[in-house]
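Here are a few friendly notes to go with the model, set out point by point. Please have the structure open as you read.

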Amino acid sequence: MVIIAAIKIQSHIPLAPGALFTVENPAIVQKWMANGTLPLIFTAQSIKSVTHDKFRLYEIPPVPQSKSQHGFILSGVDITLLNMQVTNINCGGAMCDGLNMYQNSVTADRCPCYNVLDREGKVCLVLSLKVSDTKNNLQFCVHNHTSKSLTQLFMKRIPKGAVAATITGNQKHMGNLSTKVMEMLALGNDYDGFNISGWIKRGTIADSGVVQPPTGSKWDKPQQVDSGGLTYHLTKIAYATPPSDRILGEYQFNAGSLV
Amino acid sequence: MAELSNENSPSTVSPTSTSTEPTVSESIPSREDASREDGKRKPNIGNLPEDSKRMKSVQYVTQPSSEKNESIIGENFDDNNTGSITDNNEVFHKNTSVNNVDSGSESSSNSSGFTRREGPRPSELFINDGSRQCYNVNWSYINLAQLQSTEDVCVVNKVILFQVLYYVLAKQDSKVEYTNRSGKTSHATFERMLFAMDLHARKGMNVCVFLLGKKQNAEIYSSCLDQRDTSTFGKNYIHVSWLLSLQSKSNHIYR
(Lines give C-alpha, C1' and ligand atoms only; values in the text may rest on other atoms or scores of the structure.)
Protein backbone atom coordinates (compact mmCIF):
# COMPACT_ATOMS: atom_id res chain seq x y z
CA MET A 1 0.00 0.00 0.00
CA VAL A 2 1.33 3.38 -0.95
CA ILE A 3 -0.08 6.45 0.73
CA ILE A 4 0.48 9.72 -1.01
CA ALA A 5 -0.16 12.90 0.87
CA ALA A 6 -0.79 15.86 -1.33
CA ILE A 7 -0.36 19.10 0.51
CA LYS A 8 -2.12 21.92 -1.21
CA ILE A 9 -1.87 25.49 -0.04
CA GLN A 10 -5.04 27.27 -0.86
CA SER A 11 -5.21 30.99 -0.79
CA HIS A 12 -8.67 32.14 0.08
CA ILE A 13 -10.02 35.59 -0.26
CA PRO A 14 -10.68 36.96 3.18
CA LEU A 15 -13.81 38.94 3.85
CA ALA A 16 -11.79 42.09 3.63
CA PRO A 17 -13.20 45.24 2.01
CA GLY A 18 -13.99 44.50 -1.61
CA ALA A 19 -14.69 40.80 -1.10
CA LEU A 20 -18.02 39.26 -2.06
CA PHE A 21 -20.22 37.12 0.12
CA THR A 22 -23.72 35.77 -0.01
CA VAL A 23 -26.49 35.25 2.49
CA GLU A 24 -28.76 32.36 1.63
CA ASN A 25 -32.46 32.69 2.29
CA PRO A 26 -31.95 36.03 4.02
CA ALA A 27 -34.31 37.08 6.74
CA ILE A 28 -36.81 39.85 6.19
CA VAL A 29 -35.52 43.20 7.40
CA GLN A 30 -37.23 44.15 10.64
CA LYS A 31 -34.94 46.84 12.01
CA TRP A 32 -33.43 49.96 10.60
CA MET A 33 -30.75 52.35 11.70
CA ALA A 34 -30.18 55.98 10.77
CA ASN A 35 -33.81 57.07 10.76
CA GLY A 36 -34.96 54.08 8.79
CA THR A 37 -32.46 54.44 5.99
CA LEU A 38 -29.99 51.74 6.94
CA PRO A 39 -31.38 48.20 7.20
CA LEU A 40 -29.99 45.80 9.78
CA ILE A 41 -29.46 42.26 8.59
CA PHE A 42 -29.68 39.41 11.05
CA THR A 43 -29.08 35.83 10.13
CA ALA A 44 -28.99 32.70 12.22
CA GLN A 45 -26.82 30.93 9.71
CA SER A 46 -23.49 31.83 8.29
CA ILE A 47 -22.56 33.81 5.25
CA LYS A 48 -20.59 32.34 2.38
CA SER A 49 -17.60 33.90 0.78
CA VAL A 50 -17.82 33.74 -3.01
CA THR A 51 -15.42 34.50 -5.79
CA HIS A 52 -16.07 36.34 -8.97
CA ASP A 53 -12.89 35.58 -10.80
CA LYS A 54 -14.69 35.05 -14.08
CA PHE A 55 -16.73 38.19 -13.98
CA ARG A 56 -16.12 41.84 -14.30
CA LEU A 57 -18.24 43.62 -11.76
CA TYR A 58 -20.55 46.18 -13.25
CA GLU A 59 -20.46 49.80 -12.32
CA ILE A 60 -22.63 51.31 -9.63
CA PRO A 61 -22.25 55.05 -9.90
CA PRO A 62 -22.49 57.18 -6.76
CA VAL A 63 -25.78 58.92 -6.09
CA PRO A 64 -25.00 62.24 -4.38
CA GLN A 65 -28.69 63.00 -3.94
CA SER A 66 -29.28 59.88 -1.90
CA LYS A 67 -30.49 60.46 1.64
CA SER A 68 -29.02 57.20 2.82
CA GLN A 69 -25.60 55.72 2.70
CA HIS A 70 -24.80 54.58 -0.79
CA GLY A 71 -22.04 52.34 -2.08
CA PHE A 72 -20.52 52.69 -5.51
CA ILE A 73 -18.29 50.78 -7.87
CA LEU A 74 -16.40 52.56 -10.61
CA SER A 75 -14.11 51.03 -13.16
CA GLY A 76 -11.37 52.47 -15.27
CA VAL A 77 -10.87 55.63 -13.23
CA ASP A 78 -7.71 57.69 -13.09
CA ILE A 79 -6.08 58.26 -9.73
CA THR A 80 -3.49 60.91 -9.05
CA LEU A 81 -1.54 61.43 -5.88
CA LEU A 82 -2.09 64.67 -4.00
CA ASN A 83 -0.24 63.97 -0.79
CA MET A 84 1.41 61.08 0.95
CA GLN A 85 2.42 60.44 4.53
CA VAL A 86 3.58 57.37 6.36
CA THR A 87 2.18 56.24 9.67
CA ASN A 88 2.15 53.22 11.94
CA ILE A 89 -1.03 51.28 12.38
CA ASN A 90 -1.87 48.60 14.85
CA CYS A 91 -3.89 46.32 12.67
CA GLY A 92 -3.21 42.68 13.29
CA GLY A 93 -5.62 40.94 10.96
CA ALA A 94 -6.55 40.88 7.33
CA MET A 95 -10.19 41.74 7.76
CA CYS A 96 -10.48 45.49 7.99
CA ASP A 97 -7.54 46.28 5.70
CA GLY A 98 -6.56 49.09 8.04
CA LEU A 99 -9.19 51.38 6.62
CA ASN A 100 -10.05 54.57 8.49
CA MET A 101 -7.06 54.30 10.74
CA TYR A 102 -6.24 57.97 10.42
CA GLN A 103 -9.35 60.05 10.81
CA ASN A 104 -9.56 63.69 11.72
CA SER A 105 -5.79 63.76 12.06
CA VAL A 106 -5.97 61.21 14.84
CA THR A 107 -4.48 57.76 14.53
CA ALA A 108 -6.81 55.03 15.71
CA ASP A 109 -5.51 53.03 18.64
CA ARG A 110 -6.89 49.76 17.34
CA CYS A 111 -8.66 48.44 14.30
CA PRO A 112 -11.82 46.34 13.89
CA CYS A 113 -9.77 43.16 13.54
CA TYR A 114 -7.59 43.99 16.49
CA ASN A 115 -6.69 41.18 18.82
CA VAL A 116 -4.12 40.71 21.47
CA LEU A 117 -2.52 37.69 19.88
CA ASP A 118 -1.20 39.27 16.74
CA ARG A 119 -0.27 42.88 17.02
CA GLU A 120 2.70 44.50 15.52
CA GLY A 121 3.38 47.91 14.22
CA LYS A 122 2.87 48.04 10.52
CA VAL A 123 3.84 50.76 8.16
CA CYS A 124 0.90 52.19 6.29
CA LEU A 125 0.63 55.00 3.79
CA VAL A 126 -1.77 57.85 4.42
CA LEU A 127 -2.76 59.00 0.97
CA SER A 128 -4.67 61.93 -0.42
CA LEU A 129 -5.93 60.95 -3.85
CA LYS A 130 -7.81 62.57 -6.66
CA VAL A 131 -10.16 60.29 -8.58
CA SER A 132 -11.23 61.21 -12.11
CA ASP A 133 -13.89 59.23 -13.91
CA THR A 134 -14.22 60.52 -17.45
CA LYS A 135 -17.10 58.17 -18.32
CA ASN A 136 -19.35 59.52 -15.61
CA ASN A 137 -17.83 63.00 -15.68
CA LEU A 138 -16.98 62.69 -12.02
CA GLN A 139 -14.09 64.02 -9.99
CA PHE A 140 -13.57 63.85 -6.28
CA CYS A 141 -10.78 63.80 -3.73
CA VAL A 142 -10.18 61.34 -0.95
CA HIS A 143 -8.08 62.43 1.97
CA ASN A 144 -6.32 60.42 4.66
CA HIS A 145 -6.95 57.12 2.95
CA THR A 146 -5.26 54.22 4.70
CA SER A 147 -5.17 50.70 3.34
CA LYS A 148 -2.84 47.86 4.13
CA SER A 149 -3.39 46.15 0.80
CA LEU A 150 -2.72 49.34 -1.12
CA THR A 151 0.41 49.94 0.91
CA GLN A 152 1.60 46.44 0.16
CA LEU A 153 0.91 47.07 -3.49
CA PHE A 154 3.24 50.05 -3.49
CA MET A 155 5.86 48.60 -1.17
CA LYS A 156 7.38 45.15 -1.28
CA ARG A 157 9.36 43.30 1.34
CA ILE A 158 8.29 45.48 4.24
CA PRO A 159 10.47 44.39 7.15
CA LYS A 160 8.64 43.60 10.33
CA GLY A 161 10.76 45.96 12.33
CA ALA A 162 10.13 48.92 10.08
CA VAL A 163 8.28 51.86 11.48
CA ALA A 164 7.13 55.05 9.86
CA ALA A 165 10.10 56.99 11.16
CA THR A 166 12.40 54.66 9.27
CA ILE A 167 11.04 56.14 6.07
CA THR A 168 10.11 59.65 7.08
CA GLY A 169 13.40 60.18 8.84
CA ASN A 170 15.33 59.64 5.65
CA GLN A 171 14.66 62.14 2.92
CA LYS A 172 16.06 59.84 0.28
CA HIS A 173 13.74 57.00 1.24
CA MET A 174 10.76 59.30 1.36
CA GLY A 175 11.59 60.77 -2.04
CA ASN A 176 12.04 57.35 -3.58
CA LEU A 177 8.79 56.09 -2.12
CA SER A 178 6.73 59.01 -3.34
CA THR A 179 8.27 58.68 -6.80
CA LYS A 180 7.45 54.99 -6.91
CA VAL A 181 3.88 55.58 -5.80
CA MET A 182 3.36 58.18 -8.50
CA GLU A 183 4.87 55.90 -11.12
CA MET A 184 2.63 53.03 -10.12
CA LEU A 185 -0.44 55.23 -10.26
CA ALA A 186 0.66 56.49 -13.66
CA LEU A 187 1.12 52.90 -14.80
CA GLY A 188 -2.52 52.18 -14.00
CA ASN A 189 -3.80 55.46 -15.41
CA ASP A 190 -1.98 55.00 -18.67
CA TYR A 191 -3.29 51.51 -19.13
CA ASP A 192 -6.87 50.67 -18.17
CA GLY A 193 -7.18 52.71 -15.02
CA PHE A 194 -8.29 51.50 -11.63
CA ASN A 195 -11.37 49.76 -10.33
CA ILE A 196 -12.54 51.28 -7.10
CA SER A 197 -15.38 50.77 -4.68
CA GLY A 198 -16.45 52.96 -1.84
CA TRP A 199 -19.36 54.73 -0.27
CA ILE A 200 -20.83 58.14 0.33
CA LYS A 201 -23.29 59.46 2.82
CA ARG A 202 -24.46 62.98 2.98
CA GLY A 203 -23.97 64.05 6.53
CA THR A 204 -26.07 66.41 8.57
CA ILE A 205 -25.13 69.46 10.54
CA ALA A 206 -26.96 71.35 13.23
CA ASP A 207 -29.35 73.83 11.70
CA SER A 208 -27.94 77.23 12.52
CA GLY A 209 -31.06 78.94 11.24
CA VAL A 210 -33.23 77.90 14.17
CA VAL A 211 -32.91 78.28 17.90
CA GLN A 212 -31.85 74.86 19.17
CA PRO A 213 -33.51 73.54 22.33
CA PRO A 214 -31.22 72.73 25.22
CA THR A 215 -29.89 69.20 25.16
CA GLY A 216 -30.31 67.22 28.36
CA SER A 217 -28.62 64.02 27.34
CA LYS A 218 -26.50 62.76 24.52
CA TRP A 219 -29.56 61.27 22.86
CA ASP A 220 -31.13 64.70 22.48
CA LYS A 221 -30.06 65.85 19.09
CA PRO A 222 -30.39 69.34 17.70
CA GLN A 223 -32.37 69.92 14.55
CA GLN A 224 -30.29 68.84 11.63
CA VAL A 225 -30.04 69.87 8.01
CA ASP A 226 -28.19 68.19 5.19
CA SER A 227 -24.58 69.12 4.93
CA GLY A 228 -23.46 70.83 1.79
CA GLY A 229 -20.28 68.83 1.44
CA LEU A 230 -20.08 65.23 0.41
CA THR A 231 -17.16 63.07 1.48
CA TYR A 232 -16.18 60.13 -0.65
CA HIS A 233 -14.72 57.09 1.10
CA LEU A 234 -12.81 54.44 -0.78
CA THR A 235 -12.73 50.89 0.45
CA LYS A 236 -10.99 49.09 -2.40
CA ILE A 237 -8.55 50.21 -5.06
CA ALA A 238 -7.19 47.78 -7.61
CA TYR A 239 -5.76 47.81 -11.09
CA ALA A 240 -8.41 47.28 -13.73
CA THR A 241 -5.92 45.21 -15.64
CA PRO A 242 -3.37 43.98 -13.16
CA PRO A 243 0.15 44.08 -14.54
CA SER A 244 2.32 41.04 -14.32
CA ASP A 245 4.27 40.35 -11.18
CA ARG A 246 7.48 41.14 -12.99
CA ILE A 247 6.30 44.61 -13.95
CA LEU A 248 4.96 45.22 -10.48
CA GLY A 249 8.25 44.19 -9.01
CA GLU A 250 10.05 46.71 -11.16
CA TYR A 251 7.78 49.53 -10.08
CA GLN A 252 7.35 48.73 -6.38
CA PHE A 253 9.34 50.42 -3.69
CA ASN A 254 11.70 47.91 -2.17
CA ALA A 255 11.23 48.40 1.53
CA GLY A 256 13.84 45.75 2.22
CA SER A 257 16.46 48.41 1.66
CA LEU A 258 15.22 50.31 4.72
CA VAL A 259 17.07 48.09 7.17
CA MET B 1 -10.44 44.33 -8.94
CA ALA B 2 -6.95 43.10 -9.02
CA GLU B 3 -7.97 39.55 -9.54
CA LEU B 4 -9.88 40.37 -12.67
CA SER B 5 -8.28 40.20 -16.01
CA ASN B 6 -9.18 40.93 -19.56
CA GLU B 7 -9.13 37.35 -20.56
CA ASN B 8 -12.22 36.69 -18.51
CA SER B 9 -15.41 36.62 -20.42
CA PRO B 10 -18.30 38.74 -19.26
CA SER B 11 -20.52 37.21 -16.69
CA THR B 12 -23.58 36.84 -18.77
CA VAL B 13 -22.19 34.86 -21.62
CA SER B 14 -23.68 31.44 -21.64
CA PRO B 15 -21.06 28.77 -21.95
CA THR B 16 -23.43 26.56 -23.90
CA SER B 17 -24.39 29.13 -26.46
CA THR B 18 -21.76 28.95 -29.08
CA SER B 19 -23.20 31.82 -31.07
CA THR B 20 -22.75 34.22 -28.23
CA GLU B 21 -19.37 33.17 -27.09
CA PRO B 22 -17.01 36.07 -27.28
CA THR B 23 -14.17 35.73 -29.62
CA VAL B 24 -11.13 36.88 -27.82
CA SER B 25 -8.50 38.17 -30.11
CA GLU B 26 -5.13 39.27 -29.02
CA SER B 27 -3.50 42.18 -30.63
CA ILE B 28 -0.39 44.08 -29.91
CA PRO B 29 -1.09 47.74 -30.42
CA SER B 30 1.45 49.64 -32.36
CA ARG B 31 3.00 52.81 -31.11
CA GLU B 32 0.81 54.80 -33.45
CA ASP B 33 -2.31 53.25 -31.95
CA ALA B 34 -1.32 54.15 -28.44
CA SER B 35 -4.00 56.81 -28.04
CA ARG B 36 -7.44 55.55 -27.14
CA GLU B 37 -10.94 56.78 -27.59
CA ASP B 38 -11.32 57.74 -23.96
CA GLY B 39 -8.25 59.86 -24.14
CA LYS B 40 -6.07 57.49 -22.17
CA ARG B 41 -2.67 56.90 -23.51
CA LYS B 42 -0.78 53.71 -23.44
CA PRO B 43 2.11 53.41 -21.06
CA ASN B 44 5.55 54.03 -22.29
CA ILE B 45 5.65 50.89 -24.28
CA GLY B 46 9.31 51.07 -24.87
CA ASN B 47 9.96 50.75 -21.17
CA LEU B 48 7.67 47.84 -20.57
CA PRO B 49 8.25 44.19 -21.26
CA GLU B 50 6.53 42.57 -24.16
CA ASP B 51 3.82 40.81 -22.16
CA SER B 52 2.58 44.08 -20.76
CA LYS B 53 1.91 45.46 -24.23
CA ARG B 54 -0.66 42.85 -25.08
CA MET B 55 -4.22 44.00 -25.14
CA LYS B 56 -7.16 41.71 -25.56
CA SER B 57 -10.37 42.80 -27.12
CA VAL B 58 -13.66 40.98 -26.71
CA GLN B 59 -15.99 40.91 -29.66
CA TYR B 60 -19.47 39.46 -29.68
CA VAL B 61 -21.00 37.61 -32.55
CA THR B 62 -24.42 38.86 -33.58
CA GLN B 63 -27.19 36.83 -32.05
CA PRO B 64 -29.55 34.76 -34.12
CA SER B 65 -33.06 36.12 -34.40
CA SER B 66 -34.59 33.39 -32.27
CA GLU B 67 -32.29 34.23 -29.42
CA LYS B 68 -32.72 37.93 -29.85
CA ASN B 69 -36.29 37.73 -28.64
CA GLU B 70 -35.18 36.13 -25.43
CA SER B 71 -32.48 38.70 -25.12
CA ILE B 72 -35.07 41.43 -25.26
CA ILE B 73 -36.99 39.71 -22.51
CA GLY B 74 -33.89 39.62 -20.44
CA GLU B 75 -33.28 43.29 -20.98
CA ASN B 76 -36.77 44.20 -19.90
CA PHE B 77 -35.91 43.15 -16.41
CA ASP B 78 -33.13 45.67 -16.35
CA ASP B 79 -35.40 48.65 -16.29
CA ASN B 80 -32.59 50.78 -15.04
CA ASN B 81 -30.53 50.25 -18.11
CA THR B 82 -28.23 53.13 -17.51
CA GLY B 83 -25.66 51.93 -19.93
CA SER B 84 -23.13 51.28 -17.26
CA ILE B 85 -23.15 47.62 -18.14
CA THR B 86 -22.31 48.20 -21.71
CA ASP B 87 -20.75 44.87 -22.42
CA ASN B 88 -23.63 42.85 -21.10
CA ASN B 89 -26.60 44.51 -22.68
CA GLU B 90 -26.43 42.61 -25.90
CA VAL B 91 -25.69 39.24 -24.46
CA PHE B 92 -28.24 36.49 -24.29
CA HIS B 93 -28.71 34.78 -20.96
CA LYS B 94 -29.36 31.13 -21.14
CA ASN B 95 -30.91 30.91 -17.70
CA THR B 96 -32.73 34.22 -17.70
CA SER B 97 -36.12 32.62 -17.57
CA VAL B 98 -35.15 30.57 -14.59
CA ASN B 99 -33.41 33.11 -12.49
CA ASN B 100 -35.75 35.98 -13.09
CA VAL B 101 -38.79 34.15 -11.82
CA ASP B 102 -39.04 35.85 -8.51
CA SER B 103 -41.50 35.76 -5.69
CA GLY B 104 -44.89 37.36 -5.61
CA SER B 105 -43.61 40.45 -3.98
CA GLU B 106 -41.40 41.08 -6.93
CA SER B 107 -43.87 43.54 -8.36
CA SER B 108 -41.81 46.17 -6.65
CA SER B 109 -38.95 45.16 -8.88
CA ASN B 110 -40.63 46.85 -11.78
CA SER B 111 -40.98 50.13 -10.00
CA SER B 112 -38.85 52.99 -11.13
CA GLY B 113 -35.43 53.06 -9.66
CA PHE B 114 -35.20 49.35 -9.18
CA THR B 115 -31.93 48.07 -10.46
CA ARG B 116 -31.93 44.69 -12.11
CA ARG B 117 -28.33 44.51 -13.09
CA GLU B 118 -26.85 41.83 -15.23
CA GLY B 119 -24.08 40.68 -12.98
CA PRO B 120 -23.00 37.15 -12.34
CA ARG B 121 -25.83 34.72 -11.74
CA PRO B 122 -25.93 32.76 -8.49
CA SER B 123 -25.12 29.67 -10.50
CA GLU B 124 -21.98 31.41 -11.71
CA LEU B 125 -20.60 32.30 -8.31
CA PHE B 126 -18.00 30.00 -6.86
CA ILE B 127 -18.36 29.37 -3.17
CA ASN B 128 -15.01 30.05 -1.64
CA ASP B 129 -14.50 26.84 0.25
CA GLY B 130 -11.73 25.31 -1.78
CA SER B 131 -14.07 23.41 -4.03
CA ARG B 132 -15.64 24.69 -7.23
CA GLN B 133 -19.15 24.52 -5.90
CA CYS B 134 -21.75 26.85 -7.39
CA TYR B 135 -25.33 27.63 -6.62
CA ASN B 136 -28.03 25.64 -8.31
CA VAL B 137 -29.72 27.23 -11.32
CA ASN B 138 -32.93 27.40 -9.33
CA TRP B 139 -31.43 29.96 -7.02
CA SER B 140 -32.07 33.59 -7.79
CA TYR B 141 -31.14 36.92 -6.35
CA ILE B 142 -33.15 38.96 -3.92
CA ASN B 143 -32.28 42.47 -2.94
CA LEU B 144 -32.60 44.82 -0.01
CA ALA B 145 -35.67 46.59 -1.34
CA GLN B 146 -37.56 43.32 -1.55
CA LEU B 147 -36.50 42.30 1.95
CA GLN B 148 -37.80 45.57 3.32
CA SER B 149 -41.02 45.86 1.35
CA THR B 150 -43.36 43.53 3.21
CA GLU B 151 -43.18 40.69 5.68
CA ASP B 152 -44.58 38.08 3.29
CA VAL B 153 -41.64 37.91 0.95
CA CYS B 154 -40.69 34.40 -0.05
CA VAL B 155 -36.97 33.94 0.40
CA VAL B 156 -36.72 30.26 -0.34
CA ASN B 157 -33.91 29.53 -2.79
CA LYS B 158 -33.02 33.19 -2.80
CA VAL B 159 -29.58 34.56 -2.22
CA ILE B 160 -28.42 38.09 -1.68
CA LEU B 161 -25.02 39.16 -2.92
CA PHE B 162 -23.00 41.62 -0.89
CA GLN B 163 -19.66 43.30 -1.18
CA VAL B 164 -17.82 44.13 2.01
CA LEU B 165 -17.41 47.87 2.45
CA TYR B 166 -15.77 48.26 5.84
CA TYR B 167 -15.91 47.34 9.49
CA VAL B 168 -16.45 49.53 12.51
CA LEU B 169 -15.16 48.68 15.94
CA ALA B 170 -17.43 49.62 18.80
CA LYS B 171 -16.27 51.88 21.54
CA GLN B 172 -17.07 51.06 25.10
CA ASP B 173 -20.35 52.94 25.21
CA SER B 174 -21.36 52.50 21.61
CA LYS B 175 -24.96 51.61 20.98
CA VAL B 176 -27.10 51.40 17.92
CA GLU B 177 -30.42 53.13 17.87
CA TYR B 178 -32.84 51.32 15.62
CA THR B 179 -36.50 51.37 14.76
CA ASN B 180 -38.58 48.35 13.94
CA ARG B 181 -41.54 47.94 11.65
CA SER B 182 -43.97 49.20 14.23
CA GLY B 183 -41.98 52.38 14.61
CA LYS B 184 -40.71 51.66 18.09
CA THR B 185 -37.22 52.85 18.87
CA SER B 186 -34.77 50.76 20.83
CA HIS B 187 -31.07 50.28 21.34
CA ALA B 188 -28.68 47.42 20.68
CA THR B 189 -25.10 46.85 21.60
CA PHE B 190 -22.49 45.45 19.29
CA GLU B 191 -18.81 44.64 19.14
CA ARG B 192 -18.29 45.23 15.46
CA MET B 193 -20.37 46.39 12.58
CA LEU B 194 -19.98 45.10 9.05
CA PHE B 195 -21.13 47.53 6.40
CA ALA B 196 -21.91 45.80 3.14
CA MET B 197 -23.19 46.84 -0.26
CA ASP B 198 -25.96 44.92 -1.98
CA LEU B 199 -24.92 44.64 -5.61
CA HIS B 200 -28.50 44.32 -6.84
CA ALA B 201 -30.11 46.91 -4.66
CA ARG B 202 -32.29 49.86 -5.43
CA LYS B 203 -30.46 52.82 -6.78
CA GLY B 204 -29.38 55.11 -4.00
CA MET B 205 -30.11 52.68 -1.18
CA ASN B 206 -27.76 49.75 -1.29
CA VAL B 207 -25.91 49.66 2.02
CA CYS B 208 -26.87 47.54 5.00
CA VAL B 209 -25.33 46.70 8.33
CA PHE B 210 -24.56 43.44 10.11
CA LEU B 211 -24.23 43.85 13.84
CA LEU B 212 -21.59 41.48 15.12
CA GLY B 213 -21.45 40.64 18.76
CA LYS B 214 -22.73 38.36 21.42
CA LYS B 215 -25.92 36.66 20.27
CA GLN B 216 -26.07 38.86 17.19
CA ASN B 217 -25.05 37.21 13.95
CA ALA B 218 -22.91 34.96 16.07
CA GLU B 219 -22.51 32.28 13.40
CA ILE B 220 -21.82 34.64 10.58
CA TYR B 221 -18.28 33.44 9.89
CA SER B 222 -18.69 29.80 10.78
CA SER B 223 -18.86 28.53 7.21
CA CYS B 224 -16.22 30.87 5.89
CA LEU B 225 -13.46 28.40 6.54
CA ASP B 226 -13.50 29.21 10.23
CA GLN B 227 -12.22 32.63 9.33
CA ARG B 228 -13.51 34.35 12.35
CA ASP B 229 -12.41 37.79 13.23
CA THR B 230 -9.31 36.54 14.95
CA SER B 231 -5.72 36.44 13.95
CA THR B 232 -6.44 33.49 11.68
CA PHE B 233 -8.94 35.46 9.68
CA GLY B 234 -7.93 35.81 6.10
CA LYS B 235 -4.74 33.90 6.30
CA ASN B 236 -3.92 31.10 3.97
CA TYR B 237 -4.49 27.66 5.23
CA ILE B 238 -3.02 24.37 4.31
CA HIS B 239 -5.36 21.73 3.08
CA VAL B 240 -4.04 18.24 3.27
CA SER B 241 -5.75 15.74 1.10
CA TRP B 242 -4.78 12.15 1.37
CA LEU B 243 -4.77 10.23 -1.80
CA LEU B 244 -4.88 6.56 -1.23
CA SER B 245 -3.73 4.34 -3.95
CA LEU B 246 -3.71 0.66 -3.34
CA GLN B 247 -1.08 -1.25 -5.10
CA SER B 248 -0.86 -4.92 -4.77
CA LYS B 249 0.22 -7.77 -6.86
CA SER B 250 -3.34 -8.53 -7.75
CA ASN B 251 -3.58 -5.23 -9.56
CA HIS B 252 -0.84 -6.14 -11.90
CA ILE B 253 -1.75 -7.11 -15.37
CA TYR B 254 -0.96 -10.67 -16.11
CA ARG B 255 -0.58 -11.68 -19.62
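**Two asparagines and the make-up of chain B**

1. A good place to start is N157(B), which sits in the loop of chain B that runs between α3 (144-149) and β5 (158-169). Please keep in mind that this is a predicted model.

2. The backbone of N157(B) is worth a look: phi is positive, at about 60°, although the residue is not a glycine.

3. Is N157(B) buried, partly exposed or exposed? With 15 other C-beta atoms within 10 Å, N157(B) counts as partly exposed, because the class between buried and exposed lies above 12 and below 20 such neighbours.

4. Chain A offers another residue of this kind. N137(A) has a phi near 50°, again a positive value in a residue other than glycine. Its place is the loop of chain A between β9 (122-133) and β10 (138-146).

5. How many other C-beta atoms lie within 10 Å of N137(A)? There are 7, so N137(A) is exposed, given that 12 or fewer is the cut-off for that class.

6. Now to chain B as a whole. Three helices and 10 strands make up its secondary structure elements, and along the sequence they follow the order β-β-α-α-β-β-α-β-β-β-β-β-β.

7. On packing, chain B has 255 residues, of which 33% count as buried. Taking the contacts in chain B between residues at least 6 apart in sequence, 57% join residues at least 24 apart.

How values were computed
Residues numbered from 1 in each chain as written. Chains lettered and ligands numbered in written order. Predicted model: local features only at pLDDT ≥ 70, side-chain atom pairs only at ≥ 80, totals over all residues. Helix = DSSP H or I, 4+ residues; strand = E, 2+ residues; numbered from the N terminus. Contact = placed C-beta atoms within 7 Å.
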